[in-house]
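Hi everyone, thanks for making the time. I'd like to walk you through one model today, so let's get it up on the screen.

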Amino acid sequence: MSEIAFPSWPDVAPQLINVAAGRAPADTVVRGGIWVNVHTREVLDHHDIAIKSGRIAYVGPDASACIGPETEVIEAKGRYMIPGLCDGHMHIESGMLTPAEFARAVIPHGTTTMFTDPHEIANVLGLEGVRLMHDEALMQPVNIFTQMPSCAPSAPGLETTGFEITPEDVAEAMSWPGIIGLGEMMNFPGVANVDPKMLAEIAATQRAGKTVGGHYASPDLGPDFAAYVAGGPADDHEGTNEADAIARVRQGMRSMMRLGSAWYDVESQITAITEKGLDPRNFILCTDDCHSGTLVNDGHMNRVVRHAIACGCDPLIALQMATINTAIHFGLERDLGSLTPGRRADIILTSDLTTLPIEMVIGRGKIIAEDGEIKVDCPHLDWPEHARGTVHLGHTLNAKNFEISAPDGATSVTANVIGVVENQAPTKALQADLAVKDGLVEPTQDICQIALVERHRGTGGVTNAFVSGFGYQGKMAMASTVAHDSHHMIVVGTDHEQMALAANRLGEVGGGVTLFKDGAEQALVELPIAGLMSDSPATEVAAKAEALGAAMRACGCDLNNAYMQHSLLALVVIPELRISDLGLIDVRTFKKINVIEASE
């Protein structure tokens, strides 16, 4: 690993002092800008910023005393100078990209700090996978802090993962240089019921003086929520309405409001600030999950800030929720999140605070992007070969593996069906009457089949159920080795033969996403690293993902970012129904239920 060395404030304090006093030249001066001060929520005309050793030495109306013969002068030309944007909660793997390529994609959008939870790769490669993500993150020219995953499996007893994360793993990771805290504690029933393993992970994090990430996906804000908060999680991003946001901040948590590729939870919660008038200091903006197409075509944290403003939020408050609030939450307010002395010189120049065009990005005192083009290298880790060979099906699958048999003599059945909800992570628990033909249950209308194929240990296991909401028509199937959080393989289709073709194809290429229709492959996104990520440029991955989206639409699916919905159907910690390698799971009760409820 070639970690980019970056000095701490104490390391360079003498240099900063001398530059600020005019006794030594700055490395760089940004001159003639409008200083957006997120500490005081002020906008101050005609200010300069002097930078030394990647940190801010001086901010004031005249930095001419800091300019020497070798000082680089960047003319702000009256533009706003705002801090680099921070993503308070996200998963790099959701972009289908490695940390290097993710950084390359988001730097031009003004993201200079990310707090990432690599629990996707933890489920596939365990602690080693987390370390690989952590190491590549430290190589980047921007700040990528890693949260040690807490829940692999996310719901013990309801799924089987490739690896399990233990309290000992968490304690070990707390000593790594880039670990900022514990990743989202998804096992909220475990915390509420004093599960020793979950509490040991939280304790190891708290004793290390680091932040415990939360994930409370239940709508119940009664005793279980109170018990969860008492267990120690410090934030939560699973709120979907104003009451959720208010409940969290009233209990001393940070409410993280997310706008990802498929999660639109800002508009429904930001009214806690814009209408109820709550203090915005404990609110944070984040993305959670953004796929490569969103990153390339729409943006990253700049997209979230713009959206918050469009929802009625004061632009300066929106900026605070994407900069200083996030830094304070992770104990880094003396290191980043504002344009003030001593902090990392992560600066955006923009000509408008509402539409937020990202015209120049300065990271650690260097120009790293300008007018949408990256200006720096994002180094790649040499990923080991076994990280590229993680899809083990055990045998070649055929149509029979995807059949759902009806009880003997039945002519119809009542089935439990997973109901997809557009733009939200939760699903609905539905029931439907389905016909039986030749002893097999036949989906009808909007209902099609879903299968989870075990891919970590080569058991050949296939779990079959039903799903509604995609709108697929004709003979088709789509398969993905991205299946949060256990990351087996999810296959959704209308035809057993197509389902087998799609599943076997991913076994051949080592992971990714594919769609088959009438026996022919319509789209393929190869994700060779852990079956989750590509180390190709984001533009290439996004183009393939766009072709996948077009193929889904051609099969009748018009859901917004339907692929994200597909990839979450195995997430057995978010209500109401999910599929796992152990069966159909009712997340309201955390119990396995039958696919066929009754028959006639």
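Let's begin at the surface: Asp377 is exposed, with a relative accessible area of 53%. For that word, exposed means over 50% relative accessible area, buried means under 20%, and partly exposed is in between, with a 1.4 Å probe and protein chains only. Before I go on, please keep in mind that this is a predicted model, where local features need pLDDT of at least 70 and side-chain atom pairs count only at pLDDT 80 or more, while totals for chains, interfaces and linings use all residues. Residues are numbered from 1 along each chain as its sequence is written, and side-chain values use heavy atoms, with hydrogens and water left out.

Back to Asp377. Which side chain does Asp377 meet in a salt bridge? The partner is Arg104, at 3.5 Å from N to O. A salt bridge here is a side-chain nitrogen of Lys or Arg within 4 Å of a carboxyl oxygen of Asp or Glu. This pair links distant parts of the chain, 273 residues apart: Arg104 sits in helix 2 (residues 99-106), and Asp377 in the loop between strand 17 (373-374) and strand 18 (412-419). Helices (H or I, at least four residues) and strands (E, at least two) are DSSP runs, numbered from the N terminus. Arg104 itself is partly exposed, with a relative accessible area of 27%.

How many salt bridges are there by this rule? The count comes to 22. Another of them joins the side chains of Lys52 and Asp27, at 3.1 Å from N to O. Lys52 is in strand 2 (residues 42-52) and Asp27 is in the loop between helix 1 (9-20) and strand 1 (28-37), so the bridge ties together parts 25 residues apart in sequence. Asp27 is partly exposed, at 32% relative accessible area.

Now for a buried pair. Arg258 and Glu238 are both buried, and their side chains form a salt bridge of 3.1 Å, N to O. Arg258 belongs to strand 12 and Glu238 to the loop between strand 11 and helix 8, so this pair ties together parts 20 residues apart in sequence. The two also belong to a network of salt bridges that links Glu238, Arg258, Asp265 and Asp288.

That loop brings us to helix 8, residues 242-250, where seven of the nine residues are buried. Those seven are Glu242, Asp244, Ala245, Ile246, Ala247, Arg248 and Val249. What covers them? The cover includes helix 7 (223-231), strand 11 (235-236), strand 12 (254-258), helix 9 (271-274) and strand 13 (283-286), where contact means heavy atoms within 4.5 Å. At the N-terminal end, Asn241 caps helix 8, with a side-chain oxygen 3.1 Å from the backbone nitrogen of Ala243. After helix 8 comes Gly252, with a positive phi near 85°.

Asp288 from that network turns up again in a cavity. A cavity is a set of points on a 1 Å grid over the protein atoms alone where a 1.4 Å probe fits but cannot get out, and lining residues have an atom within 4 Å of a point. Grid points are joined across faces, edges and corners, and a volume is the space filled by probe spheres set on the points. There are six cavities of 30 Å³ or more by this rule, and the largest holds about 110 Å³. It is lined by 18 residues, and the closest to its centre are His91, Glu184, Asp288, Asp289 and Leu571.

Finally, some backbone oddities. Most residues other than glycine have a negative phi, and most peptide bonds are trans. Asp371, though not a glycine, has a positive phi of about 50°; Asp371 lies in the loop between strand 16 (366-370) and strand 17, and is exposed at 60% relative accessible area. Asp438 also has a positive phi, near 55°, and counts as exposed at 74% relative accessibility. Which peptide bond has omega near 5° and leads into Pro153? That is the cis bond from Ala152 to Pro153, and Pro153 is in the loop between strand 8 (143-148) and helix 4 (167-173). A cis bond also joins Pro575 and Glu576, with omega about 5°.

That's my tour; thanks for listening!

Conventions:
1 Å grid on protein atoms, 1.4 Å probe; cavity = no way out; pocket = protein on both sides within 12 Å on 5 of 7 lines; lining within 4 Å. Polar contact = N/O pair within 3.5 Å; in protein donor to acceptor, adjacent residues only side chain to side chain.
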